[in-house]
Amino acid sequence: MTTPTSLSSNEPAGSEPLAPSGPDPAAGVILAPRPWVPLGVIALGLALLPLQRAWSWTPIAAGVVGLLGLFLLVQTLLLRLQFSGDALLVWNRSSLLRRFPYSEWIGWTVFWGPLPVLFYFREARSPHLLPVLFDATALRQQLDLHLSGLP
């Protein structure tokens, strides 16, 4: 006669362990959100408005730039970057969107040093360009830590 094995109260019988429901701080550094780039884009859209006497398309351009800023602000609230031991993870709240293994990276750079706005990195198969919607100092520290051998 066999005895039943004990099951964890969190897992149904015959199932795999549950995947994490979001970024786990124990699995790596999660960058803090920073809204400075989206707020700067919104301010740029507002700064265009006084130019409408000189250019008739100014309200449209200001609206497009302002909407881009609002979109980036929403992304700042939703997205998180996490540096795990072997990959950069992009999270949308509790869903893992993309995984970028460090072993496939060719290079990286953060554009406009004193005022970081764009983060560029290249993998073996494709380049990636992201707005800096998170702590740029921590981003550089983590990139230096995990990818110090890259140019």
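**Entry 1. Overall layout**

Among contacts in the protein between residues at least 6 apart in sequence, what percentage join residues at least 24 apart? I looked this up and found 47%. I note that the model is a predicted one.

I then listed the secondary structure, which comes to three helices and seven strands. Along the sequence I read the pattern β-α-α-β-β-β-β-β-β-α. Of the 151 residues, 30% count as buried. For the surface I recorded about 10000 Å² exposed, with carbon and sulfur atoms supplying 65% of that area.

**Entry 2. The four-stranded sheet**

I traced an open sheet of four strands in the order β1-β2-β3-β4, with antiparallel pairing. Strands β1 (29-30) and β4 each have a single partner strand and stand at the edges, so one side of each lacks a neighbour in the sheet. Strands of a sheet pair through backbone hydrogen bonds, either parallel or antiparallel.

I next examined the pairing of β2 with β3, which is antiparallel and runs over five bridges. Within it, I found Leu-89 of β3 as the bridge partner of Gln-82. Helix α2 packs on the sheet and touches β2 and β3. I noted an angle of about 50° between the direction of α2 and that of β2.

**Entry 3. Helix α2**

I checked the length of helix α2 (residues 58-78) against expectation. Its 21 residues, at 1.5 Å a residue, should span 30 Å; the end C-alpha atoms are 30 Å apart, so the two values agree.

Which residues of α2 are buried? I recorded Thr-58, Ala-62, Gly-66, Gly-69, Leu-72, Gln-75, Thr-76 and Leu-78. I found these buried residues packing against α1 (36-48), β2 (79-83), β3 (87-92) and β7 (127-131).

**Entry 4. Aromatic pairs**

I counted six aromatic pairs. For Phe-100 and Phe-121, the ring centres are 5.1 Å apart and the planes stand at 80°, so I class the pair as edge-to-face, the angle being over 60 degrees. This pair links distant parts of the chain, with Phe-100 in strand β4 (residues 95-101) and Phe-121 in strand β6 (residues 118-123), 21 residues apart.

Are these two residues buried or exposed? Phe-100 has a relative accessible area of 6% and is buried. Phe-121 is buried too, at 0% relative accessibility. I also followed the ring pairs outward and found that they join Phe-100, Tyr-102, Trp-105, Phe-119 and Phe-121 in a cluster.

**Entry 5. Pro-23 and Arg-93**

I located Pro-23 in the segment before β1. Its relative accessibility is 23%, so Pro-23 counts as partly exposed, the limit for buried being under 20%. Leaving aside residues up to four places away in sequence, I listed the residues that Pro-23 touches as Ile-30, Arg-80, Gln-82, Trp-91 and Arg-93. Gln-82 recurs here, having already appeared as the bridge partner of Leu-89. I also computed the C-alpha to C-alpha distance from Pro-23 to Leu-96 as 8.1 Å, although the two are 73 residues apart in sequence.

Where is Arg-93 found? I placed Arg-93 in the loop between β3 and β4. Arg-93 is exposed, with a relative accessible area of 62%. I recorded its phi as near 55°, a positive value in a residue other than glycine. Most residues other than glycine have a negative phi.

How values were computed
Residues numbered from 1 in each chain as written. Predicted model: local features only at pLDDT ≥ 70, side-chain atom pairs only at ≥ 80, totals over all residues. Heavy atoms only, no water. Phe/Tyr/Trp six-rings, centres within 6.5 Å; stacked < 30°, edge-to-face > 60°. Helix = DSSP H or I, 4+ residues; strand = E, 2+ residues; numbered from the N terminus. Buried < 20%, exposed > 50% of the residue type's maximum accessible area, 1.4 Å probe, protein only. Expected span 1.5 Å × (residues − 1). Contact = heavy atoms within 4.5 Å. Areas by Shrake-Rupley, 256 points an atom, 1.4 Å probe, with all protein chains shown as cover. Pairing = 2+ DSSP bridges. Axes fitted to C-alpha atoms, helices over the stretch in contact; angles between N-to-C directions.
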